[in-house]
Amino acid sequence: MDHPNGSQSSVKDLTLRVLTVNFAALHTSSNNFTQALYHLAANPQYMHPLREEVELIVDTDGWSKGALAKMRKLDSFLKESQRMEGIDCVTMPRKAMKEFTFSDGTVLPQGSFVAIASQATHLDNGVYENAETFDPFRFANMRDEDGDDAKHSFVSTNPQYLSFGHGRHACPGRFFAANELKTMLAHVVLSYDIKLEDTDTRPRSVHIGIHIVAHPTAKVMFRKRVR
């Protein structure tokens, strides 16, 4: 906008960029939170340990960024939900601007597209034990086993966890998004009892091309918690 003579600086180009940023900032978070809400509503047995953790930390640290960082179970719950129901079944799409040869001899012709099979990786039993089973505290337990707070946190990326991409082009907004999602989920577990309406089965996601969308019409019932 400061250089109107630059490339792709028409009103249409700038508008499309703003819409892309809005999509990345809002749709992804709302979809991930809905998926986590469905997981919690379908598995009410996990409400108590989450609530216990949040209450203990908020009582001592208040509502702060530091307090959110201590909520390991909450962090793990969101990461596990995203592992199983991300926003895409592939990630990190790239276009070969020139012919490229991988170390195993595979050749990408110029102009070809390639992406990483993130969903297949996340649901691979060779990568995650009982990969198709929702284990909300999977990553919290990994933290305890490894003694490493950062390695298995929600925002950490690696070749086995690709929801935020990986490497130098990993999602730059994931730190804000994690705090946003953790704050909302912490508020829900402290303030409400929830359950799915007329079913105990988690609503199935809708797949549209490579995209994974939280069930658009499932209903979650909220009841104000009596303390």
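## A tour of rings, a core and a helix

Visitor: Is Phe-77 buried or exposed, and what is its relative accessible area?
Guide: Welcome! This is a predicted model, and Phe-77 makes a good starting point. The cut-off for a buried residue is under 20% relative accessible area. Phe-77 falls below that cut-off and is therefore buried, with a relative accessible area of 0%.

Visitor: Which residue forms an edge-to-face aromatic pair with Phe-77?
Guide: The model has eight aromatic pairs. In this one, the ring centres are 5.3 Å apart and the planes meet at 85 degrees. Planes over 60 degrees apart count as edge-to-face, so the partner ring that fits this description is Phe-134.

Visitor: How many residues apart are Phe-77 and Phe-134?
Guide: Phe-77 sits in helix H4, while Phe-134 is in the loop between H5 and H6. Their pair thus links distant parts of the chain, with a separation of 57 residues.

Visitor: And what is the relative accessibility of Phe-134?
Guide: Buried means under 20%. Phe-134 meets that condition and so counts as buried, at 14%.

Visitor: Which strands are tied together by the pair of Tyr-192 and Phe-222?
Guide: These two rings have centres 5.5 Å apart and planes at 90 degrees, so their pair is edge-to-face. Tyr-192 is partly exposed at 23%, and Phe-222 is partly exposed at 42%. The pair joins parts that are 30 residues apart in sequence, because its two members lie in strands S5 and S8.

Visitor: Which elements give two or more residues to the largest nonpolar core?
Guide: In soluble globular proteins, nonpolar side chains tend to be buried together. Here the largest nonpolar core has 41 residues, and those touching the most other members are Leu-40, Val-54, Met-71, Phe-77 and Ile-194. The elements that contribute two or more residues to this core are H1, H2, H3, H4, H6, H7 and S5.

Visitor: Which elements do the buried residues of H2 pack against?
Guide: H2 covers residues 47-61 and spans 21 Å from its first C-alpha to its last, close to the 21 Å expected. Its buried residues include Leu-50, Val-54, Ile-57 and Val-58. One of them, Val-54, touches Trp-63, Met-71, Leu-74, Ala-186, Val-189 and Leu-190, leaving out residues up to four places away in sequence. Taken together, the buried residues of H2 pack against H1, H3, H4, H7 and S5.

Visitor: Which backbone oxygen does the side chain of Thr-121 reach?
Guide: Thr-121 lies in helix H5 and is buried at 18%, under the 20% cut-off. Leaving aside neighbours within four places in sequence, Thr-121 is in contact with Val-127, Tyr-128, Pro-159, Gln-160 and Leu-162. Its side chain also comes to 2.9 Å from a backbone oxygen, that of Ala-117.

Visitor: One last stop: at what relative accessibility does Cys-171 count as partly exposed?
Guide: An unreviewed UniProt entry places the feature "binding site" at Cys-171. In the model, Cys-171 is in the loop between helix H6 and helix H7. Partly exposed covers the range between the buried limit of 20% and the exposed limit of 50%, so Cys-171 belongs there at 29%.

Note on methods
Residues numbered from 1 in each chain as written. Predicted model: local features only at pLDDT ≥ 70, side-chain atom pairs only at ≥ 80, totals over all residues. Heavy atoms only, no water. UniProt positions renumbered as here; feature names shortened; annotations may be inferred. Helix = DSSP H or I, 4+ residues; strand = E, 2+ residues; numbered from the N terminus. Buried < 20%, exposed > 50% of the residue type's maximum accessible area, 1.4 Å probe, protein only. Expected span 1.5 Å × (residues − 1). Contact = heavy atoms within 4.5 Å. Core = buried A, V, L, I, M, F, W, Y, C linked by side-chain atoms within 4.5 Å. Polar contact = N/O pair within 3.5 Å; in protein donor to acceptor, adjacent residues only side chain to side chain. Phe/Tyr/Trp six-rings, centres within 6.5 Å; stacked < 30°, edge-to-face > 60°.
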